[in-house]
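Work through the two exercises below with the structure at hand. Each task is followed by a solution in steps.

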Amino acid sequence: MSEPVFRTVIEPFRIHSVEPLRMTTAEHRRAAIHAAGYNLFSLHAQDVLIDLLTDSGTGAMSRDQWAAIQHGDESYAGSPSFFIFRDAVRDLFPYQHVIPTHQGRAAEKILFGVVGGPGKVVPNNTHFDTTRANIEFTGADAVDLVIEEGHDPALPHPFKGNMDVAALDALLRGRGADVPLVMITVTNNSGGGQPVSLENMRAVREVCRAHGKKLFMDACRFAENAWFIRQREPGQSGRDVADIVRDMAACCDGMTMSAKKDPMGNIGGWLALDDDDIAQECRNLLILTEGFVTYGGLAGRDLEAIAQGLTEAISHDYLRYRIESTAYLADALGKLGIPCIKPAGGHAVYIDARAMLPHIEPLEFPGQSLAVALYETGGVRSCEIGSVMFGRQHDGSEQPAAMELVRLAIPRRTYTQSHIDYVIEVCEQVLASAADLPGYRIVSEPPALRHFSARFARV
Ligand SMILES: Cc1ncc(COP(=O)(O)O)c(C=O)c1O
């Protein structure tokens with residue numbers, strides 16, 4: 001008998017312990033977001049019903065991860081938990097040096113503290129906000145070189161996260177001496193969670209080799225990227241995701257990682273690389289800021305949870321559910337006529353707020369307006385990725401961002417299909433009153449990463 005096929009993509013797990021959600025009224029939510037200066041990061045999480053602010057550190061750990069936590073060894077130096085962690089990392093990313101950090105941005109801070117500096121320039125397909133901020137903090141420039149198709153939200157393309165190889169080559173010809181290394185972010189979070197093909201990674205590696213440059217991967221969503229490669233890239237179907245990940249790693253000389261994403265940790269990260277001299281300088285900084293080289297700002301128990309999470313992240317049953325359940329949300333919004341980045345990303349659905357709220361000028365933050373409305377209407381917390389996040393330039397001026405997006409990020413293994421059906425209904429209600437939503441202006445903001453703490457008022 002042939003294998004029966006079913007329409008419903010079920011969660012490939014059952015629930016083992018539960019957390020209550022707190023129901024709130026619209027009146028309560030309007031007061032809460034007003035008190036928070038219309039910044040969703042400033043809300044109390046207890047006032048949020050469905051939290052799609054981020055997929056970072058918000059996933060549900062498995063039974064086996066909690067068991068691994070019990071196995072954690074808290075020795076200051078040389079803990080066995082470090083070696084379990086290091087070997088799990090190296091199984092997929094076989095770099096010489098594995099340096100644990102408390103999260104991804106700590107790895108970025110250390111790496112660019114060593115290789116960055118005034119006059120330098122670091123290309124990427126699209127820098128994530130913390131990567132850009134850490135590069136710019138050293139006085140270097142962060143340049144985005146995603147392919148042209150990556151800028152068009154409505155254009156379907158299988159690998160919209162790909163790097164523009166010709167543009168990279170041109171940059172390296174013109175300013176090669178200023179480039180300490182090239183980054184590539186998989187999947188491309190700021191560009192809609194879009195994947196990068198293996199073919200593109202190999203082409204980028206060739207250009208880097210030709211110019212004598214190292215290539216580093218921002219690997220936060222490596223497993224989702226590998227699944228997309230398996231699904232979409234000619235010649236890759238039927239392969240084991242772990243082998244595709246190893247092929248991605250082989251294109252690069254090192255990586256930064258936030259273990260709060262695909263590695264299924266609630267906290268953690270690492271920096272891994274082959275270069276002995278850079279690794280030594282990074283370890284020197286690590287000891288100054290994070291901790292000893294075998295724990296780097298983490299407890300032994302965290303290192304073990306990540307090691308176990310890495311084995312779960314590459315499960316085909318999990319990845320099939322993960323990618324298809326994100327697409328389920330995107331498809332439903334598309335059917336309602338809500339413009340979303342096409343195709344759906346791996347970890348998130350990105351609503352095109354510029355297209356949905358054309359009456360709001362980019363510098364009056366249509367994405368912020370939509371995110372506030374989703375919260376007020378149904379207690380759904382999302383994240384603006386547009387001119388609030390990227391509008392302020394290095395020189396202090398304001399420029400509209402390339403896209404005005406609202407990201408609905410899906411925490412791993414946390415919400416069920418009925419939660420997502422509720423989110424779809426909330427979006428439908430917001431769409432009905434979209435023409436009445438107001439713009440916003442910033443009333444106070446910090447010097448860097450303003451989206452985390454700026455306060456807003458309605459225009
Ligand atoms: C692509 C990418 N790089 C880096 C980071 C930073 O990681 P962390 O939040 O652990 O500092 C993130 C976090 O969202 C990310 O998505």
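**Exercise 1.** Find the buried residues of helix H1 (residues 26–35) in this predicted model, and decide how they are arranged around the helix axis.

*Solution.*
Step 1. Buried means under 20% relative accessible area. In H1, the residues that meet this are Arg29, Ala32 and Ile33.
Step 2. Look down the axis of H1: the buried residues fall within an arc of 90 degrees, so they line one face of the helix.
Step 3. Turn to the other side of H1, where Glu27, His34 and Ala35 are exposed. Exposed means over 50% relative accessible area.
Step 4. Ask what covers the buried residues of H1; helix H14 (366–378) is included in that cover.
Step 5. Follow the chain just past H1 to Gly37, which has a positive phi of about 65 degrees.

**Exercise 2.** Describe the surroundings of the ligand: which residues come nearest, and what classes make up the shell?

*Solution.*
Step 1. There are 15 residues around the ligand, and Arg105, Asn189, Asp218, Ser258 and Lys261 come nearest.
Step 2. Sort the shell by class: two residues are nonpolar, seven are polar and six are charged.
Step 3. Look for the element with the largest share of the shell; helix H4 (residues 104–115) provides three residues.
Step 4. Check distances from polar side-chain atoms to an oxygen atom of the ligand. The distance is 2.6 Å for Arg105, 2.7 Å for Ser258 and 2.8 Å for Asn189.
Step 5. Finish with the area: the ligand taken alone exposes 390 Å², and the protein buries 97% of that.

Notes: Residues are numbered from 1 along each chain as its sequence is written. This is a predicted model: local features need pLDDT of at least 70, side-chain atom pairs count only at pLDDT 80 or more; totals for chains, interfaces and linings use all residues. Side-chain values use heavy atoms; hydrogens and water are left out. A residue is near a molecule or strand if one of its heavy atoms lies within 4 Å of it. A polar contact is a pair of N or O atoms within 3.5 Å; within protein, one must be able to donate a hydrogen and the other to accept it, and residues adjacent in sequence count only if both atoms are side-chain atoms. Accessible areas come from the Shrake-Rupley method with a 1.4 Å probe; for residues, only the protein chains shown count as cover. Helices (H or I, at least four residues) and strands (E, at least two) are DSSP runs, numbered from the N terminus. Ala, Val, Leu, Ile, Met, Phe, Trp, Tyr, Cys and Pro count as nonpolar, Asp, Glu, Lys and Arg as charged, and the others, Gly among them, as polar. Buried means under 20% relative accessible area, exposed over 50%, partly exposed in between (1.4 Å probe, protein chains only). The arc is that of the directions from the helix axis to the C-beta atoms. Contact means heavy atoms within 4.5 Å.
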